[in-house]
Amino acid sequence: MDAVSRIRVVIAKPGLDGHDRGVKIVARALRDAGMEVVYTGLHQTPEQVVRTAIQEDAAAIGLSILSGAHMTLFAKVIELLKEQDAEDIVVFGGGIIPEADLPELEAMGVARIFTPGATTQEIVDWVRSAVPARV
């Protein structure tokens with residue numbers, strides 16, 4: 001019996017942000033679309049998020065940030081992935097992120113940011129097209 005290739009995604013709420021309704025909706029939408037989803041829960045450090053992604057052999061990390069600390073948190077996750085030689089893990093995210101910050105986030109290596117109003121179908125479609133499945 002052949003193993004089925006599936007996209008494995010770690011979804012995380014880094015920092016002090018305690019609002020998790022949206023991230024749980026996204027995690028469920030990805031899971032319902034046939035992806036393997038590991039939700040790390042609230043108040044994760046970037047180190048915990050990266051460690052989980054590597055341990056779970058994830059192809060992507062999705063960060064949900066509503067706290068205003070997006071520049072620092074995304075930068076730290078990208079830096080830790082480089083240190084761990086895990087730059088092949090796709091980093092994307094969503095939350096309350098000013099449009100003016102999007103070019104800098106893209107320049108640092110964030111593949112995509114979903115701002116308020118993005119649909120779960122838009123997120124699912126993007127992950128399917130941008131993230132490789134792993135056996």
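**An alternating chain of strands and helices**

The chain of this predicted model has five helices and five strands, where helices (H or I, at least four residues) and strands (E, at least two) are DSSP runs numbered from the N terminus. From the N terminus on, these elements follow the order β-α-β-α-β-α-β-α-β-α. The radius of gyration, taken over C-alpha atoms, is 14 Å, close to the 14 Å that the globule rule (2.2 Å times the number of residues to the power 0.38) gives for 135 residues, so the chain is as compact as a globular protein of that length.

Residues are numbered from 1 along each chain as its sequence is written, and side-chain values use heavy atoms, without hydrogens and water. Local features need pLDDT of at least 70 and side-chain atom pairs count only at pLDDT 80 or more, whereas totals for chains, interfaces and linings use all residues.

Of the 135 residues, 44% count as buried, that is, under 20% relative accessible area, with exposed meaning over 50% and partly exposed in between (1.4 Å probe, protein chains only). Among contacts (heavy atoms within 4.5 Å) with a separation of 6 or more, 72% come from residues 24 or more positions apart.

Two loop residues deserve a look at their backbone angles. Most residues other than glycine have a negative phi. D57, in the loop between α2 (46-55) and β3 (60-65), has a positive phi of about 55 degrees and is partly exposed, at a relative accessible area of 38%. D85, in the loop between α3 (70-83) and β4 (90-95), likewise has a positive phi, near 55 degrees, and is exposed, with a relative accessible area of 68%.
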